[in-house]
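Work through the exercises below with the structure open. Each task is followed by a stepwise solution.

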Amino acid sequence: MGTTITKTDKLVGQRVRRREDPRLITGTATYVEDVKLPDLHHAVIVRSPHGAAHIKSIDFSKAAALPGVVAVFVGRDTKDVGGVVCGVELPGLRKPHHHILAIDRVYFVGHPVAVVVATDRYIAADAADLVEVDYEPTRAVTDVEKALAPGSPAVHPEWPDNIAFTFHQNGGDTDKAFAEADVVLKQRITSQRLVPNAMETRGVVASWHAGDRALTIYTSTQIPHLARSILAGMLGLEENRLRLIAPEVGGGFGSKLNVYAEEALAAFIAMKIGKPVKWIETRRENFMVTIHGRGHVDFYEIAARRDGTILGVKLKIIQDIGAFHQLLTPAIPTLSVLMMPGLYNFRNIQAEIVGTFTNCVPTDAYRGAGRPEATHGIERMVDILAAELKMDPAEIRLKNFVTKDQFPFPTATGLNYDSGDYAATLNKALEMTNYKQLRADQAKARAEGRLVGIGICTYGEVSAFGPSPATAAGGWESATVKIEPSGKVTVLTGSSPHGQGQETSYAQIVADELGVGIDDVLVLHGDTSIVQYGIGTFGSRNTAVGGSALYYALQDLKVKVKKMGALLLEADEVELIGDQCRDPKTGKSVAFAQIAGAAYRALKLPKDTDPGLVVTKFWEPSNFTFPFGAHIVSSEVDRETGEITIQRYVAVDDIGNIINPLLVDGQLHGGVAQGLGQALWEEAVYDDNGQLVTGEFMDYAMPRARMMPWIESAHTYTPSPVNPLGVKGVGEAGTIGSTPAMVNSVVDALSPLGVRHIDMPLTPEKIWKLIAGSKS
Amino acid sequence: MTPITTRSITVSVNGVSHTSQVEPRLLLIHYLRETLGLTGSHVGCETSLCGACTVALDGKAIKSCSMFAIQADGSKIVTVEGLADSSGRLDPMQEAFWNEHALQCGFCTPGMIMVSKQILERNPNPSDEQIRDGLDGNLCRCTGYQHIVNAVRTAAKAGA
């Protein structure tokens with residue numbers, strides 16, 4: 001730029017409180033359930049109580065006769081609506097047709113079979129109870145290993161082996177590595193089914209104006225534009241006739257990175273009855289029919305030299321698919337394969353995935369999506385190896401890390417790690433915990449007969465999806481920046497934040513780049529009629545990809561602002577200082593707002609320059625980013641009750657540069673809570689008949705305030721070279737780092753009893769049984 | 001089916017008296033949200049386990065998804081919409097939630113703020129442990145609670 005801009009009040013890097021909060025803390029935000037339209041009707045869905053059954057008949061005459069009921073639809077009415085879409089292509093992938101209402105068979109508990117529409121939600125619920133469905137139950141299978149066993153019931157009769165797909169990947173020469181190894185260790189490791197449980201359940205409001213063929217869908221989604229494209233396709237409607245609005249979205253965690261049957265169903269109803277219709281998922285439905293996460297049974301083998309050098313890893317993943325694929329279902333375990341080397345320097349991997357149908361709700365992306373499973377696996381195996389070789393878990397990690405001079409580092413799985421200093425991050429965590437002292441205290445406690453453990457996890461993740469060839473949809477993101485005639489700045493972001501705080505962090509970037517006040521910036525998102533096409537918020541990509549698109553749009557806009565400023569000042573070159581454009585030769589300046597006004601008034605414009613001050617940028621990264629970190633947990637297990645107490649939780653995360661540390665803390669705390677939820681308490685359990693027995697908050701133990709430890713958080717900073725902001729992404733880091741750290745801690749506590757591995761969740765009952773078993 | 005009878009109730013909500021004809025089965029949360037249009041309180045679970053619907057009824061934080069509107073007849077209710085004063089000045093607990101980044105998606109927040117106010121009403125100077133115990137009936141999936149604990153502590157220091 002040729003000029004030096006001195007500005008001391010940069011907002012990037014500051015703990016700026018959120019600009020989205022005033023509406024949220026005063027109860028004036030609009031979530032889907034808050035959307036009211038004239039003559040709004042209400043839909044309630046009748047769902048299968050069976051894991052597998054034939055539908056012999058449906059009698060909805062009593063429901064239809066109830067005053068206030070305007071329509072009842074069953075599968076044959078909606079059979080021409082396109083099936084629920086799976087956006088993943090893999091060789092040999094079996095994709096069962098997934099009708100939005102079941103036709104003659106149900107495949108999992110909660111499978112929708114009919115929908116009742118009424119003028120009032122209570123009446124709709126009454127009427128749904130009056131729909132009589134005659135089922136002929138068949139045998140269900142809900143356990144992945146049983147589903148693969150000979151003689152298992154077939155989820156889809158056309159595929160009696162229940163295999164949805166298989167996938168193989170090899171890197172290096174794994175057989176040779178294993179043949180040359182001093183030690184080969186095997187372990188079966190599960191990563192249980194989890195329920196994402198965003199506090200706002202899903203919901204849809206659909207409204208159809210036949211006169212201008214205009215459909216509006218309000219839906220709680222992470223991907224408004226992709227959802228619009230997919231729903232238009234399912235409904236056979238021109239895409240530009242569908243306006244999709246993601247209003248305030250009450251959490252997603254991957255569960256709203258999807259397009260569901262109910263979204264198409266609500267639109268179908270609105271188009272049929274010519275009235276707006278609302279469907280709000282109950283919590284019970286959210287448990288039953290919104291995607292679940294994880295669902296792995298993994299078989300690991302690790303090969304190493306006696307000095308602790310890891311030579312290679314073999315992994316077989318049995319992935320519980322559920323009865324159908326949702327948007328990204330089969331892709332999720334492939335992310336586990338990508339990240340199976342973790343942060344380590346070995347070059348030999350062998351991986352196999354067996355995607356397996358079960359009579360359960362589909363699995364799909366849940367916070368971390370494939371990477372928590374991979375991290376849990378490798379971090380458990382490294383600990384198991386350390387125990388076998390009687391090495392310290394910190395020492396074995398430091399010995400095997402990719403070193404900071406090895407970046408960019410090509411992995412055996414085909415990734416290219418962007419930047420990092422893994423040893424520095426672990427060393428910082430060791431220092432914060434005073435690790436040597438911690439081990440000394442542990443030895444003392446053990447001598448007293450106490451069960452005290454220290455768990456380390458050093459994780460890496462692949463984040464900030466794309467580039468495009470590596471993603472199921474486009475891997476780019478978009479931003480429009482409009483400087484309005486008054487000088488106020490409007491940002492339209494194609495990513496669709498839903499709690500992450502980009503209305504604030506993006507405004508910080510804009511304020512720094514343009515020199516305007518943060519309160520002069522408005523960030524809009526989520527409405528396809530307002531915002532240019534975008535991809536969405538998932539995979540820790542929002543700031544890294546969407547923020548970078550914004551950054552580049554701002555650079556283009558600054559060029560134009562300076563051209564206008566130079567024209568107004570009759571200068572050759574000008575500099576942007578604060579909200580002024582200044583001629584360094586004369587010292588004369590013109591205010592940003594004046595430039596904006598002149599650009600729109602357009603009496604005089606620079607040569608080859610159009611009126612207005614608007615730039616739209618679509619930007620695609622050249623690579624993923626690879627955040628990493630080290631989490632250390634010290635814990636104590638009560639011998640009498642099996643209860644686990646977390647004594648310290650230390651997290652050192654390297655997520656590259658940080659735009660807003662306050663928001664980063666929030667992301668990490670929430671991520672750790674979800675990771676500890678998996679480690680200690682949460683599990684979606686189906687019985688053999690296909691009943692979801694953990695189908696309410698009463699049975700499914702989500703972390704509450706008193707269950708969470710105090711999290712001590714710190715960072716190292718290794719900027720990503722992949723994007724101009726140097727950010728890596730933080731949305732999933734806490735979830736990925738916490739689970740193995742917690743489990744390693746408890747296994748370490750119980751290791752004097754001969755315990756080598758425990759599958760999650762580490763409930764007191766499970767731990768107590770282990771302790772009791774070891775006594776006998 | 002027998003015709004549904006309605007009953008008349010009179011409730012003071014955020015200082016305004018409302019008299020309404022309601023079905024006996026109408027839940028209080030639906031009365032507040034649908035009949036009165038106060039959509040700040042949310043339905044998160046319908047089973048009183050998540051607390052997103054928490055409002056103050058005659059000074060006590062209650063789960064309005066698990067109470068009928070007719071049970072609230074004659075009572076005084078405060079919802080999150082009633083916390084800021086008429087000039088729009090926020091309640092200290094709202095300020096504390098904002099300053100401490102005690103919310104992300106915001107869905108649990110109105111209930112969290114209402115229960116947090118009750119924690120301090122019962123104990124103006126709670127320990128972190130007492131704050132966490134006080135939050136036990138309310139679920140948040142975003143924050144890991146740490147910033148909520150900070151907010152309640154900050155509000156306590158401010159004498160909220």
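**Exercise 1.** Which residue of β12(A) stands opposite His41(A), and how do the two strands run?

Solution. This is a predicted model. Start at His41(A): Val277(A) in β12(A) stands opposite. Next, place the strands. β1 of chain A covers residues 41-47, and β12 of chain A covers residues 277-280. Two bridges join them, and they run parallel.

**Exercise 2.** Place these strands in their sheet and explain what is special about β3 and β11 of chain A.

Solution. Write down the order: β3-β5-β1-β12-β9-β10-β11 of chain A. The sheet is open, has seven strands and shows mixed pairing. Now go to the edges. β3 (69-74) and β11 (242-245) of chain A each have a single partner strand, so one side of each lacks a neighbour in the sheet. Finally, take the twist: neighbouring strands are turned by 20° against each other on average, direction ignored.

**Exercise 3.** Which strands do helices α7 and α8 of chain A meet?

Solution. Take α7(A), residues 224-235: this helix lies across β10 (214-219) and β11 of chain A, at about 140° to β11(A). Then take α8(A), residues 261-273. Helix α8(A) packs on the sheet and touches β1, β3, β5, β9, β10 and β12 of chain A. Its direction makes about 30° with that of β9(A).

**Exercise 4.** Describe the side of chain B that touches chain A.

Solution. Count first: 45 residues of chain B contact 42 residues of chain A. Then find the helices. α2, α3, α4 and α5 of chain B each supply at least two residues of this side. Last, sort by class: 22 nonpolar, 16 polar and seven charged residues.

Key. Residues are numbered from 1 along each chain as its sequence is written. Chains are lettered from A and ligands numbered from 1 in the order in which they are written. This is a predicted model: local features need pLDDT of at least 70, side-chain atom pairs count only at pLDDT 80 or more; totals for chains, interfaces and linings use all residues. Two residues are in contact if their C-beta atoms, placed from the backbone, lie within 7 Å. Helices (H or I, at least four residues) and strands (E, at least two) are DSSP runs, numbered from the N terminus. Ala, Val, Leu, Ile, Met, Phe, Trp, Tyr, Cys and Pro count as nonpolar, Asp, Glu, Lys and Arg as charged, and the others, Gly among them, as polar. Two strands pair if DSSP finds at least two bridges between them. Axes are lines fitted to C-alpha atoms, for helices over the stretch in contact, and angles run from 0 to 180 degrees between N-to-C directions.
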